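Colleague: Got a minute to go over this one with me? I'd like to talk about the overall build and the cysteines.

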Amino acid sequence: MANTKTTKQLKKKDEIIERMNMIDNELVSFYEFCEHMGFTPREMELICSPLQDIISKYHFKKLFRAIVLFGCFFGIIYGCTQISTLALHATALARIALIEVMSLWDWRYLFYETCLIENPLYGEYTLTKNDCVTCESLDTINILNSVTYDLILDNYLNRDIPVIVTDAMDHWPVMLTDDFYFDNITQLYFHDEKLIDSVPCVLTTNLRMGSSDLFSFLKLISNPSVTRWFVHWQNCDIHAVKALRKFYQRPYFLSNTMSPAHFNWVLMSSDYGSTNYKKVELDFGLIMLIQLRGKISFRLVPYKPCNEFCPNLAGDLHQGEILIFRNYLWTLEYFPGLGLDNIAILSESVWDPNSV
């Protein structure tokens, strides 16, 4: 029975090949006839246009069918990811698959890559040992007040030296009230329809939620029985970035022409008792860490190769103080003030001293 079926398939395949060869021979004969009759390429194109239209329609239908199938396939996958139970199972299966694949391909290095496809025309800013002279003699971070833009620019920002300013927030509305608390942050997201579905680019916390859903997390910490937690998340959705700006302003010592923050972060904690530093993954630019309530302890660690020549700079940032630095040289780590309720906002802005 199987042999009969195989024979029929081979016979059918031979018939198709024979027909295709026949059609091909007829087209070649037709082309040679047209050349012999003296038709120009343009005239031959017009004569063959009905055939070309049929072929084009066939390819279009084939492409359209493939697009629809792919669209349905990815639509089903996306729909499944929106169902928490299915998404949880799919994540588990994906992890198992990745573990099984490791015997054939070790993909773990991709986890630490910022870009999966290398662009030969793009080159990141690279530190050299010559850059390290700006930090090799530093041992503390200066704490200043009543500063000017020129002083900050010439003595700190242009030299990649961090500085703390203590009086930049004295007249901000958020600092002139005793009513500012976690609820001001959570209610901002709950009452703005554009923020309800906002997804942070990064969310790190000690509370286990099973997902990185910011809305679920904010509902969780709104419960007074939930204690001893910390969180920091990065807003990269433009609506969330703009909404958070209501809680901070451009400090008086920076130029009015400076670009507004393109990303911002929220750092909050309540009675959290760990002294382990948490790293904040920042883009390159001008960084301002704004302490609205409580206190945090921070550490600035030089990038390689400057970590061999420059010390780590550690300090405490108290309520009403701003830490400002360019992070071409420094990475930021922190831990929340012990036994305190803390709220800080971190802004990331494009920095070009020639345009400000």
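Modeller: Sure, here is a quick chat about the fold and its disulfides. This is a predicted model, where local features need pLDDT of at least 70, side-chain atom pairs count only at pLDDT 80 or more, and totals for chains, interfaces and linings use all residues. Residues are numbered from 1 along each chain as its sequence is written, and side-chain values use heavy atoms, with hydrogens and water left out.

Colleague: How many helices and strands does the protein have?

Modeller: There are 9 helices and 12 strands, taken as DSSP runs numbered from the N terminus (helices H or I, at least four residues; strands E, at least two).

Colleague: What are the spans of the C-alpha trace along its principal axes?

Modeller: About 95 × 50 × 45 Å.

Colleague: New topic. How many disulfides does the structure hold?

Modeller: It holds 3, a disulfide being a pair of cysteine sulfur atoms within 2.5 Å. One of them is C132 with C306, sulfurs 2.1 Å apart.

Colleague: Which parts of the chain does that pair link?

Modeller: C132 is in the loop between α4 (84–101) and β1 (142–144), and C306 is in the loop between β8 (295–302) and β9 (313–318), 174 residues apart.

Colleague: Are C132 and C306 buried or exposed?

Modeller: Both are buried (under 20% relative accessible area; exposed is over 50%, partly exposed in between, with a 1.4 Å probe and protein chains only).

Colleague: And what is the handedness of the C201 and C236 disulfide?

Modeller: Its S-S torsion is about 90 degrees, so that one is right-handed. C201 is partly exposed at 46%, and C236 is partly exposed at 24%.
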